[in-house]
Amino acid sequence: MKQRFNIIESTCVPLPMENVDTDQIIPARFLKATTRDERYFGENLFRDWRFSPEGTPRDNFVFNRPEFSVEPSEGIHQILVAGKNFGSGSSREHAAWALAGYGFKVVISSSFADIHKNNELNNFVLPVAVPEDFLQELFDSIAADSGTRVRVDVPAQTVTNLATGSKVCFELSAYKKYCFVNALDDIDYLLENKDRIQEYESRTKKILKI
Amino acid sequence: MNTLFDKIWDSHIVSRIEGGPQQLYIDRLYCHEVTSPQAFEGLRSRGIKCFRPEKIFCMPDHNVPTRDQDKPVRDPVSARQLDTLEANAREFGLEYFGMTDRRNGIIHVVGPERGLSLPGMTIVCGDSHTSTHGAVGAIAFGIGTSEVEMVMASQCILQQKPKSMRIRVEGKLGKGVSAKDVALYIMKEISTSGATGYFVEYAGSAVRDMSMEGRLTLCNLSIEMGARGGFIAPDETTFAYLKGREYSPSGEAWDKAVEYWKTLRSDDDAVFDKEIVFDASEIAPMITYGTNPGMGTEVCGRIPYMEEVPPQDRDSFAKSLSYMDFHPGDAMEGKKVDYVFLGACTNGRIEDFRAFASISAGRHKAESVTAWLVPGSREVVRQIHAEGLDRILEEAGFEIRQPGCSACLAMNEDKVPAGKYCVSTSNRNFEGRQGPGARTLLASPLTAAAAAVTGKVTDPRTLM
C-alpha cells in the first residue's frame, strides 16, 4: 500500500535463519487468490512454520512466543530481522503482500534476494541491508531484551540499534527514497512518459527488424 | 569491450532516472494465472489498457490438472483463477493459449518452443524461472506482480542494472552427466546466493556442446544461484533450434535476424564484474539432500559431516537434515524413494523424456514408487508419441500425464504426502514445496529414472 515513510522506531521480531525462501513466507497453496487482499496473505504469513496442519500455533516458532506474538502496531513489532539471503526463490509478490499484511514496515537482513527486494520496495515494505556484524549484534540485543528498539531514518538512510547505539547507513536509490518519502510508485512514473516510449519504439524498429 | 549483457540491456534503455533505476523496454511479457490477476485488476482500477497487447502472451500452467484437462477443473479455487486469466486475456485483447490448445504448456517450455523467445530480446514474466529463456540469447528475468502491471501499462519496467558474471564450464561432461548436474554442481560450489545481484553469461566448451534443451535447463536454474537471470550467446545450435518455429521470423526476415543475432556475443576483451571457471570433467551426477538447491552432493557421494559445514551454516544445516530425516555423513545411494517426478520448466522437454526412457527401456517401475511423468507442453507430448517413447515408458509401467507445472510446486492435485521422499527433476527442494511435509531430492532425468526403476537413490551410470 502506498504510504509515506520518514522515521520508523519500533521493536522487532527476530528470525535468525538464513535463506528464508518465499515458499516459507507464503506457501503456494495460498497463491490462488485473484485479489490483492493483504489481510488474507498476512494471516498466512509463514503459515507452515507458525501453525501445524491442524491450525494450532507451533509454540517453538518465534512469532508464537509470548514476547513476540503481539501483532504489529505503531512502534511495536513493525520490523522483521532475518538472516542472510532473505526472500530467495519464487518471484511471488504475495510474499511481500503477506509481510505488509501482517504489519511489517521494515525488514532488516544482511542480504536480500533480488526479485523479492524489488517486490518489497513496490509494496512500501523497506528492505534494509546491513553488515553481518551489525545484524548479529542486533540479534544478540533482541535475545537479551525482546523490547530492543530500532530506529530507521529513511531520509538519512541510517538504521540504529537503540540498545547499543550502533548505527549504520543503508542503500536506497535517490529515486526510491523519493518514492518512499512521497508515497509514489513506479507506475505513476511510467505512465507519465509515454512519449519517450513511443520515440524509443520508432527508433529501434529500424535496427532490430523483429 | 562490452559484454553481451551490456549490449542487449543498454540497447533497451528508454531513459535513465537520476540516482535511480533505468527504464527498460520489454519485448515480451508472458502471463500465467497465478501472478497476473492483481496486475489486471490494477489496470482496471487505473482505467487503462495494455499499452502493447501484441507483445503479451498468456497461458495457464501452474494450477492445471495433469489428467482430464478436457473436463471441468475440480478444485473450484483453481478453476476460478484459470477462468480469470482467460477472461482477462479476452478483456485486454491478449493472445491466450488455453489449457486444451495445442500450443499450451508451461510458459518457459512454450516460449522458446513457439519461437516467441528470440535472441537479443528482453523477456519478463511474473515467475522467477523466466531466466530459462536466456538460453536463446535473450535477457530474461522474473518479476513481481506490480512489475507485471508496469509492463502491461507501459511495455517498460524500472530496474537497477545488475552486475555481470561469466561462468565458464570447460571440457567434456562425463557419461550420465547432464546440464541439470552442471547446475546443481555450480550451486553446491557457489551457494544459492552466490550470484545474487548478478546476471550470468554461461560459456565454455561444455556449455557450447549442450543442446538447446540442456541450455534451457541450465539457464532455468540461474535463479537458484541467486542470479537475476542467465543466458548463453546465440550460435548455430540456437539458430537451428529456432528455425521454422511458429513465431520465428521466416524468409528474408529470418536471414536478416540471423545476421543480427550473430553479432550478439561478448567482445573478446569484455570485462565481467566476476568470472568463475569450472572443469566439466570433475562433475558427476548430482542429487540434493537438504532444503535448498545448493545442498547437493554426488549421487555416489554422501552428506557432509557437521565439521565440514562452515560454523555459521550449521544451524540451518541441522534444521534441513531434521526436516529430511537424514543424518550427517549418510551415503545417498540406497536411500528409499517413494515418488518420482519427471517434468517442470527445468526438465519437462523432449530430451528429458528421451533420457528417462533410455534407463526405463527393458526395465520396470519399482512397485513401491509412484511416478508422475509430466511433459512440459502439448508439443512435447506430440514429440513423445512421434518418437514412440510412450510405448517404451508404458511398457515399463509409467503413465504419461498432461502438461503443467504439476508437482514442482503442487498447486494442483499432484502433491507428495508429508514425510515421503520424492526424487524430482524440478528446481526447488524447499520445505513443503511439493506438498506440506514433502521431502524433495533434486536430480536429473537419468537419476530420476534410476530411482524410479530401483525404488532407491541409484547412480544412473550403473544402469547405462
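**Figure 1. Burial and overall dimensions of chain A in the predicted model.** Of the 210 residues in chain A of this predicted model, 59% are buried. The secondary structure of chain A consists of nine helices and seven strands. For 210 residues the globule rule gives 17 Å, and the radius of gyration of chain A is 19 Å, close to that value, so chain A is as compact as a globular protein of that length. Taken along the principal axes, the box filled by the C-alpha atoms of chain A is roughly 65 × 45 × 25 Å. When contacts between residues at least 6 apart in sequence are considered, 63% of those in chain A join residues at least 24 apart. The exposed area of chain A is about 8,700 Å², with 50% of it supplied by carbon and sulfur atoms. Chain A carries 25 positive and 30 negative side chains, and a distance of 7 Å lies between the centres of the two sets.

**Figure 2. Aromatic rings around Trp49(A) and Phe61(A).** Over all chains, a search of the whole structure finds 32 aromatic pairs. In the pair formed by Trp49(A) and Phe61(A), the ring centres are 6.0 Å apart and the planes stand at 55°, an angle that is not over 60 degrees and not under 30 degrees, so the pair counts as tilted. This pair links distant parts of the chain, with Trp49(A) placed in helix H3 (residues 47–50) of chain A and Phe61(A), twelve residues away, in the loop between H3 and strand S2 (79–82) of chain A. Trp49(A) counts as buried because its relative accessibility is 12%, and Phe61(A) is likewise buried, with a relative accessible area of 8%. Ring pairs join both residues with Phe46(A), Phe63(A), Tyr102(A) and Phe104(A) into a cluster.

**Figure 3. The ring pair of Tyr185(B) and Phe278(B).** With centres 5.8 Å apart and planes at 80°, the rings of Tyr185(B) and Phe278(B) form an edge-to-face pair, because the angle is over 60 degrees. The two residues are 93 residues apart and the pair links distant parts of the chain, since Tyr185(B) belongs to helix H6 (residues 179–190) of chain B and Phe278(B) to strand S12 (residues 274–279) of chain B. Tyr185(B) and Phe278(B) are both buried.

**Figure 4. Two loop residues of chain A with positive phi, Asn85(A) and Gln157(A).** Asn85(A), a residue other than glycine, has a positive phi near 60°, and its place is the loop between S2 and helix H4 (94–102) of chain A. A relative accessible area of 1% is why Asn85(A) is buried. Gln157(A), also a residue other than glycine, has a positive phi near 55°, and lies in the loop between strand S5 (149–153) and strand S6 (158–161) of chain A. The relative accessibility of Gln157(A) is 17%, which is under 20%, so Gln157(A) counts as buried.

**Figure 5. Overall dimensions and charges of chain B.** Chain B contains 16 helices and 18 strands, and 67% of its 464 residues count as buried. A compact globule with 464 residues would have a radius of gyration near 23 Å, and the 21 Å of chain B agrees with this. The C-alpha atoms fill a box of roughly 55 × 55 × 45 Å along the principal axes. Of the contacts in chain B between residues at least 6 apart in sequence, 76% join residues at least 24 apart. The accessible surface of chain B is about 15,200 Å², and 48% of this belongs to carbon and sulfur atoms. The 53 positive and 62 negative charges of chain B have mean positions 2 Å apart.

**Figure 6. Helix H8 of chain B and its buried residues.** Helix H8 (residues 212–220) of chain B has nine of nine residues buried, so this helix is largely enclosed by the rest of the structure. Among these buried residues are Glu213(B) and Arg215(B), together with Met212(B), Leu216(B), Leu218(B) and Cys219(B).

**Figure 7. The surroundings of Leu118(B).** Leu118(B) is located in the loop between helix H4 (107–113) and strand S6 (122–125) of chain B, and counts as buried because its relative accessibility is 3%. Leaving aside residues up to four places away in sequence, Leu118(B) touches Ile123(B), Val136(B), Ala138(B), Leu242(B), Tyr247(B), Ser248(B), Pro249(B) and Trp261(B). A separation of 7.1 Å is found between the C-alpha atoms of Leu118(B) and Gly137(B), which are 19 residues apart along the chain.

How values were computed. Residues are numbered from 1 along each chain as its sequence is written. Chains are lettered from A and ligands numbered from 1 in the order in which they are written. This is a predicted model: local features need pLDDT of at least 70, side-chain atom pairs count only at pLDDT 80 or more; totals for chains, interfaces and linings use all residues. Side-chain values use heavy atoms; hydrogens and water are left out. Helices (H or I, at least four residues) and strands (E, at least two) are DSSP runs, numbered from the N terminus. Buried means under 20% relative accessible area, exposed over 50%, partly exposed in between (1.4 Å probe, protein chains only). Contact means heavy atoms within 4.5 Å. The radius of gyration is taken over C-alpha atoms; the globule rule is 2.2 Å times the number of residues to the power 0.38. Accessible areas come from the Shrake-Rupley method with a 1.4 Å probe; for residues, only the protein chains shown count as cover. Lys and Arg count as positive and Asp and Glu as negative; His and the chain ends are not counted. The place of a charge is taken as NZ of Lys, CZ of Arg, CG of Asp or CD of Glu. Rings of Phe, Tyr and Trp (its six-membered ring) pair if their centres lie within 6.5 Å; planes under 30 degrees apart count as stacked, over 60 as edge-to-face and the rest as tilted.
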